[in-house]
Amino acid sequence: MQNPDKFTKEKNLTPIILAMKDLKELYEAVITGDAVTARSITEEALSGETDPLSLVSEHLTPAMDEIGRRFEASECFVPELLLSARAMKGAMELIQPRLLESGVELLGRVIVATVKGDLHDIGKNLVAAVLEGGGFEVIDMGVNVEPEKIVETIKEKDVQIVVLSALLTTTMPAMKTSIEAIEAAGVRDKVTILVGGAPVTQRFADEIGADGYSDSAVGAVAVARKAVGA
Amino acid sequence: MNGRERILALLEGREVDRLPLMPITMMFAADQIGANYRDYATDYRVMAEGQIFTAEKFDFDYVNTMSDPAREAADCGAVIEYFDNQPAAIVENQARLADKTDLASLKIPDPLGGGRMNNGINAVALMVEKVGKEKLVEGWIEGPCAEAADLRGINTLMLDFYDDPAFVRDLFEFIIEMELRFARAQIDAGADSIGLGDAAASLVGPQIYEEFVWPFEKKLIDGIHEMGALVRLHICGNTRPILGDMARLKCDIVDLDFLAPLEEGRKKMGPDQVLLGNIDPVRVMRNGNAELVTSTVAECHRQAGKRYIVGAGCEIPYDTPEENIQALHDYAASHRPDLDDS
Ligand code: B12
């Protein structure tokens, strides 16, 4: 995938200039969805002095915020959003092991799931990607997820935040069932539960006893950060 | 004037006794006859019974064979999951064209080869036999963007537009040929109209829509017109950025979902385009009451003007109260297209 020749020229530059130039380009690469460039710059930066956490907080997160804003404003659409998410995820794959190595604590462990009966996952995938870019460790449980599976994972993986997505009016009740299962299993106090997806509203979130709601992926990160006090 | 005559007259610009009524029902229709949805989607006799029962009970002007997006993909060998009380769905992580190179060896399935397309064609034939004189019979096919999403996986297709545009064009080319054959067989079975569902087209934005999707939709629509059938275009979701292009497709009926205002559709699509919709299926049809349905459809009619067919923005949810459908009917039955005549 990667083109090894592409960056030989830049390797001749002095490290300081390289770092500054590249990092601005990391933001741009995520915005334009250029996964190859995003990875190369991240690799380069990690081989130097750059603090891995600042790559996330100063470049990846702002880039996903900006692309999210453009999406809300109909300045870009689902393909562009998914391209950016992919570019960001590629960079995150390189950064995460380094974060763990350096002992930096991630903001928290999150599970994301589309609830039982529902197969829509574009929005859920975006929320997962943006949370990852926002400094969370994400466990993606996929679509059509049984409440029992969610409970199991909370118990096994010491999860702090549960993100539930539903796109169908007919599957919104499964959010309630999932929350009830979490309660019944005695782990409700351990987790913050966020709900979202096009038909979900703040009122519905309140009714079923969720802890947070947002109508966008970027909003999801803000609520999640608040939940862990970051 | 019966339902079939009413719809045809409106489309041809002749006088009609009242507004035509063409809401989409699928799970609702199965429920009406107490059938489970798996049977509705896989057995044409169950579907025809549900459609005819529902159309006669609520005096709809048409019957329709849509059940889920997976008919064509199933015949192409895609992995499909069936549910008792939900539409069949494609298993995306085992998409038929997860490996792009499989396209080269993928053969267009014979629509009459005994698969799910054949079942849809049988549904058309049975509906024509039972009610074809009184009600308009509408077949169904998937549009290029929706079908490509079904074969390739929607998340992957969205990236393909940038990663490999040539592949997307080859895939669309394959799909158009398959859909034209499927349409041909439904028309031969007696369908008056072919509904063209291209849900994913509302996700790609105006640039990709115009460059990739539109030319193929156009080819498909022109092809169906040449076969002598009508075309109804149904793109779910927010189509506001592409309304102008949709007008240039020259479909006989264009559905607008609740996210695309009829007023804007009318402005962008000109005075002659027949528009259908765009009542919010969930907030108004399912969760509202008869009064809200009546006031909403009246407002839709006002915005759309006389080239208008009564319906919701998308499928009527299965647990919609019957009074609300009755209210939809009562509005259509008591109004002529030209508001001044009513
Ligand atoms: C793509 C699509 C499909 C694809 C899904 C493929 C996939 N892998 O996802 C397919 C073809 C399979 C499909 C099937 C069906 N669909 Co569909 N589908 C859509 C469509 C076109 C787009 C949805 C989408 O991806 N939007 C884009 C994403 C980015 O938006 P989003 O998910 O809302 O996510 C954003 C926010 O909500 C938020 N968010 C999401 N989750 C969360 C979670 C948290 C915690 C937070 C904080 C935020 C958050 O962040 C995201 C980014 O901003 C919509 C119509 C439309 N154009 O909107 C219909 C739609 C959702 N589908 C609908 C229906 C009815 C169906 C079917 C029942 C149709 C049928 N009869 O066959 C089946 C059901 C299948 C099933 N069991 O799930 C209806 C739902 C109506 C309703 N309210 O109940 C819609 C609205 C179409 C319509 N107008 O009727 N569909």
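This passage describes confidence, one helix and several salt bridges in a predicted model. Residues are numbered from 1 along each chain as its sequence is written, and chains are lettered from A and ligands numbered from 1 in the order in which they are written. Local features need pLDDT of at least 70 and side-chain atom pairs count only at pLDDT 80 or more, while totals for chains, interfaces and linings use all residues; side-chain values use heavy atoms, with hydrogens and water left out.

The model scores ipTM 0.91 and pTM 0.89. For chain B, the average pLDDT (the predictor's confidence in each residue, from 0 to 100) is 96, and 99% of the residues score at least 70.

Helices are DSSP runs of H or I, of at least four residues, numbered from the N terminus. Helix H9 of chain B comprises 24 residues (165-188), which at 1.5 Å a residue should span 34 Å (1.5 Å times one less than the number of residues), and its end C-alpha atoms are indeed 34 Å apart. After H9(B) comes Gly190(B), with a positive phi near 115 degrees.

Salt bridges, defined as a side-chain nitrogen of Lys or Arg within 4 Å of a carboxyl oxygen of Asp or Glu, number 41 over all chains. In the pair formed by Arg248(B) and Asp245(B), the N to O distance is 2.7 Å; Asp245(B) is buried (under 20% relative accessible area, with exposed over 50% and partly exposed in between, for a 1.4 Å probe and protein chains only) at 12%, whereas Arg248(B) is partly exposed at 39%. Asp280(B) and Arg283(B) are likewise bridged, at 3.9 Å, with Asp280(B) buried at 12% and Arg283(B) exposed at 53%.

Note on methods. Helix = DSSP H or I, 4+ residues; strand = E, 2+ residues; numbered from the N terminus.
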